[in-house]
Amino acid sequence: MREPAPVYLQRFARFADLQGFTRETALPAEAGIELWTRPPAEEDAPVIFLSGGIHGDEPCGPEALLRFVAEWKFSGAAEWILAPLLNPTGFEPGTRGNDAGIDLNRDFLRRACGETKALVDWWQRRPRPCHLHFSLHEDWEADGFYLYEIDTSGRGETLSPLILDSVSAVAPLQRNGPVDGHALAAPGMIVHDAVADEPEGWPEAIWLARTWPLQSYTFEAPGQLPEETRVESLLAALRGALGGLR
Ligand SMILES: [Zn+2]
């Protein structure tokens, strides 16, 4: 068992407050989805969204986001949106799905769950789109780090080499494909279309990439390695991706 979700969220809030973030509760409040936002200096700055904890049995995402919000030198060069714990009822018992047993990261087309509905409604009420998305996961079968890249931005630039270079200093990259039926474009790198593997089972990243032109990176920490290495690999991925943004 992990700590209760409210205890984690309290720890997160302490650092987010200090870093100038504002807490928002996505409705319905019973869904327990909290987001922290930090405004940009200029109105046309990119909107960067970091999400974690959508699978309750992958605790390293929330932990990496907690360390990220504690350490990062945030600037107004971007509008920041953090959702560190998207599956609050699965976190303490360590279940992949929520307390109804539903995998939230396959529910973004149907939105049958309060959690996914709350998050999507929150985004749809906002005046601005998402430009850059990072989703933090763990793959229990993997002995190397890998990522999924989805790009509907049309910008033709990729952050994957920066991310994977940074990760490779702390953890091995996945070298043996295919992974879940996806070939590796390079060690640790899967390029994915904005089409869900299961037609009705949309992940968060697919919903975002089909709603706005954006770049999305889903990180998969290697579950076969120690917890501290997994957390550090996710943090290194964020540092690699965002280090150039000042
Ligand atoms: Zn996951």
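This is a short tour of the structure, with something to select at each stop. Keep in mind that you are looking at a predicted model.

**Stop 1: the zinc ion**

Start by selecting the zinc ion. Which protein atoms act as its donors? Show His55, Glu58 and His137 as sticks: the donors are ND1 of His55, two OE entries from Glu58, and ND1 of His137. They lie 2.1 to 2.4 Å from the zinc ion.

Now look at the angles. The four donor atoms subtend angles of 57 to 151 degrees around the zinc ion, which makes the arrangement irregular. If you want something to compare with, the ideal angle for four tetrahedral donors is 109.5 degrees. To count as tetrahedral, four donors need all their angles to lie between 85 and 135 degrees.

Trace the donors along the chain and you'll find the spacing H-x2-E-x78-H. Then switch on a surface and check two of these residues. Are His55 and Glu58 buried or exposed? His55 is buried, with a relative accessible area of 3%, and Glu58 is buried too, at 4%.

**Stop 2: the sheet**

Switch to a cartoon view and find the open sheet of eight strands. Reading across, the order is S1-S2-S4-S3-S5-S8-S6-S7, and the pairing is mixed. Select 22-25 for strand S1 and 189-191 for strand S7: these two stand at the edges with a single partner strand each, so one side of each has no neighbour in the sheet. Turn the view and you can follow the twist, which averages 20 degrees from one strand to the next.

In general, the strands of a sheet pair through backbone hydrogen bonds, either parallel or antiparallel. For an example, zoom in on S1 and strand S2 (residues 34-38), which run antiparallel and are joined by four bridges. Pick Arg23, and its bridge partner in S2 is Trp36. Pick Glu24, and you'll see it standing opposite Leu35 in S2.

Now step to the other neighbour of S2. S2 and strand S4 (residues 79-83) also pair in the antiparallel sense, over three bridges. Here Trp36 stands opposite Leu82 in S4.

While you're at S2, how many of its five residues are buried? The count is five of five. Glu34, Trp36 and Arg38 are on one side and Leu35 and Thr37 on the other, and both faces are covered.

**Stop 3: two helices across the sheet**

Select residues 160-167 to light up helix H5. It lies across strand S5 (132-139), strand S6 (146-151), S7 and strand S8 (215-222), and runs at about 165 degrees to S6.

Next, select residues 204-211 for helix H6. This helix lies across strand S3 (47-52), S5, S6 and S8, running at about 165 degrees to S5.

Stay with S8 and click on Thr218, which sits in that strand. Thr218 counts as buried, at 10% relative accessibility. Setting aside neighbours within four places in sequence, what is Thr218 in contact with? The list is Ser135, His137, Tyr146, Leu147, Tyr148 and Ala205. You've met His137 already, as one of the zinc donors.

**Stop 4: aromatic rings**

Colour the Phe, Tyr and Trp side chains. A search of the whole structure finds 16 aromatic pairs. Take Tyr8 and Phe91: their ring centres are 5.5 Å apart and their planes meet at 55 degrees, so this pair is tilted. The pair links distant parts of the chain, with Tyr8 in helix H1 (residues 5-18) and Phe91 in helix H3 (residues 88-91), 83 residues apart. Tyr8 is buried at 1% relative accessibility, and Phe91 is buried at 4%.

Move on to Trp207 and Trp212, an edge-to-face pair with 5.7 Å from centre to centre and 75 degrees between the planes. Trp207 counts as buried at 5% relative accessibility, as does Trp212 at 16%.

For a bigger group, select Phe21, Phe68, Trp72, Phe74 and Trp80, which ring pairs link into a cluster.

**Stop 5: out on a loop**

Finish with Gly156, in the loop between S6 and H5. Is Gly156 buried or exposed? At 73% relative accessibility, Gly156 counts as exposed. Draw a distance line from its C-alpha atom to that of Gly90: the two are 66 residues apart along the chain and separated by 37 Å.

Technical notes
Residues are numbered from 1 along each chain as its sequence is written. This is a predicted model: local features need pLDDT of at least 70, side-chain atom pairs count only at pLDDT 80 or more; totals for chains, interfaces and linings use all residues. Side-chain values use heavy atoms; hydrogens and water are left out. Donors are N, O and S atoms within 2.8 Å of the metal (3.2 Å for Na, K and Ca); water is not among the atoms, so sites may look incomplete. Four donors count as tetrahedral if all angles lie between 85 and 135 degrees; four count as square planar and six as octahedral if opposite donors are over 155 degrees apart and all others between 65 and 115; anything else is irregular. Buried means under 20% relative accessible area, exposed over 50%, partly exposed in between (1.4 Å probe, protein chains only). Two strands pair if DSSP finds at least two bridges between them. Axes are lines fitted to C-alpha atoms, for helices over the stretch in contact, and angles run from 0 to 180 degrees between N-to-C directions. Contact means heavy atoms within 4.5 Å. Rings of Phe, Tyr and Trp (its six-membered ring) pair if their centres lie within 6.5 Å; planes under 30 degrees apart count as stacked, over 60 as edge-to-face and the rest as tilted.
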